[in-house]
Amino acid sequence: MKLPNLTLLQAYLKTATSAATSGGKILKKYWKNVKQIEDKSTAGDLVTEADKESEKIILQMITEAYPDHAILAEESSEKHLSSSSDFLWVIDPLDGTVNYAHQNPMVAISIALLYQNKVVVGVVFNPFYQELFQAIKGMGATLNGEKITVSQTRALDKSLLATGFAYDRRTTTDTNYPEFCHLTNLTHGVRRFGAASLDLAFVAAGRFDGYWERGLKPWDMAAGALLVQEAGGKISAYNETPFDLQSGKILATNGMLHHALSQELLNLSM
Ligand code: IPD
Ligand code: CA
Ligand code: CA
């Protein structure tokens with residue numbers, strides 16, 4: 001794949017960042033004043049007016065700047081998908097809606113740009129902590145403009161991990177509960193923030209040594225996956241085969257723990 005030139009990639013990053021910042025203003029506007037909380041797929045899968053309004057402004061900004069690009073956005077799903085473009089924006093206007101509805105500020109806006117099915121730009125922004133994670137493919141990852149790198153932890157028994165439990169947890173046999181218990185015993189601990197994009201951004205920033213989760217959507221993972229890679233980490237399927245954005249599953253680590261964590265996850269599923 002020949003990447004678009006750096007000037008273009010920087011322009012895409014700028015648009016993604018402005019859109020994420022505007023989405024952040026909407027999340028602040030409705031903070032502690034959310035009036036509409038609705039269930040989506042299942043109990044606990046929520047949507048609020050902040051999700052919808054944040055998505056509206058983000059879509060407006062991106063379509064204005066790049067009217068020919070395709071868009072996959074959580075709250076409007078396939079509507080903006082056009083297969084003719086090499087470019088696809090993948091957007092979560094509020095990652096961590098359950099946190100948000102409970103006035104817990106572990107939330108983010110996640111925006112990624114794919115070129116020929118590969119993520120080339122990623123932005124994850126938490127407006128409450130004012131933390132802006134950015135990456136361009138091949139150019140490294142930053143937090144508020146400062147370069148970030150993954151941790152140096154080499155052993156699982158010295159690691160801090162993160163995971164999550166998808167909305168279908170009440171109806172699936174693949175709950176992730178055994179994995180959570182097993183790895184909690186093997187490590188310094190396993191955190192459960194409830195915002196996948198931030199879990200990945202925290203792996204990129206060296207705050208978590210590894211993260212795994214199932215039942216995710218492309219907009220939960222796209223931007224964060226690029227952050228981890230650009231910060232020197234590794235992403236893959238649980239069994240270390242190449243990461244697939246459509247698979248719903250991701251294993252992300254500082255690289256050094258990748259094989260060990262993969263082995264623990266695979267042993268449990270056998
Ligand atoms: C959710 C969060 C959560 C993960 C769920 C996601 P949402 O996204 O990322 O951490 O466990 O699977 O759906 O619904 O808050 O955008
Ligand atoms: Ca999400
Ligand atoms: Ca969301």
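A salt bridge is taken here as a side-chain nitrogen of Lys or Arg within 4 Å of a carboxyl oxygen of Asp or Glu. The views below come from a predicted model, and the structure holds five salt bridges, some of which are described here.

**View 1. The salt bridge between Asp157 and Lys158.** The side chains of Asp157 and Lys158 meet with an N to O distance of 3.9 Å, which counts as a salt bridge because the limit for such a pair is within 4 Å. Asp157 is partly exposed, its relative accessibility being 47%, whereas Lys158 is exposed, with a value of 53%.

**View 2. The salt bridge between Arg214 and Asp174.** In this pair the N to O distance is 3.1 Å. Arg214 belongs to the loop between β12 (210-213) and α6 (218-230), while Asp174 belongs to the loop between β10 (160-162) and α4 (177-186), and the pair thereby links distant parts of the chain, 40 residues apart. Arg214 is buried at 10% relative accessibility, and Asp174 is partly exposed, with a relative accessible area of 28%.

**View 3. Asp174 with Lys249, and the network of salt bridges.** Asp174 also forms a salt bridge with Lys249, in which the closest N and O atoms are 3.9 Å apart. Since Asp174 lies in the loop between β10 and α4 and Lys249 in the loop between β13 (234-236) and β14 (250-253), the pair ties together parts that are 75 residues apart in sequence. Lys249 is partly exposed, its relative accessible area being 30%. Taken together, Asp174, Arg214 and Lys249 are linked in a network of salt bridges. Side chains of opposite charge can pair when their charged atoms come close.

**View 4. Protein donors of the calcium ion (ligand 3).** The calcium ion (ligand 3) has as its protein donors Glu74 (OE), Asp92 (OD) and Leu94 (O), which lie 2.1 to 2.4 Å from the ion. Along the chain, these donors follow the spacing E-x17-D-x1-L. Glu74 sits in the loop between β3 (70-73) and β4 (87-95) and Asp92 in strand β4, so that this pair, 18 residues apart, links distant parts of the chain. Glu74 is buried, with a relative accessible area of 18%, because the cut-off for that class is under 20%; Asp92 is likewise buried, with a relative accessible area of 1%.

**View 5. The two calcium ions that Asp92 coordinates.** The calcium ion (ligand 3) and the calcium ion (ligand 2) are 3.7 Å apart, and Asp92 coordinates both.

How values were computed: Residues are numbered from 1 along each chain as its sequence is written. Chains are lettered from A and ligands numbered from 1 in the order in which they are written. This is a predicted model: local features need pLDDT of at least 70, side-chain atom pairs count only at pLDDT 80 or more; totals for chains, interfaces and linings use all residues. Side-chain values use heavy atoms; hydrogens and water are left out. Donors are N, O and S atoms within 2.8 Å of the metal (3.2 Å for Na, K and Ca); water is not among the atoms, so sites may look incomplete. Helices (H or I, at least four residues) and strands (E, at least two) are DSSP runs, numbered from the N terminus. Buried means under 20% relative accessible area, exposed over 50%, partly exposed in between (1.4 Å probe, protein chains only).
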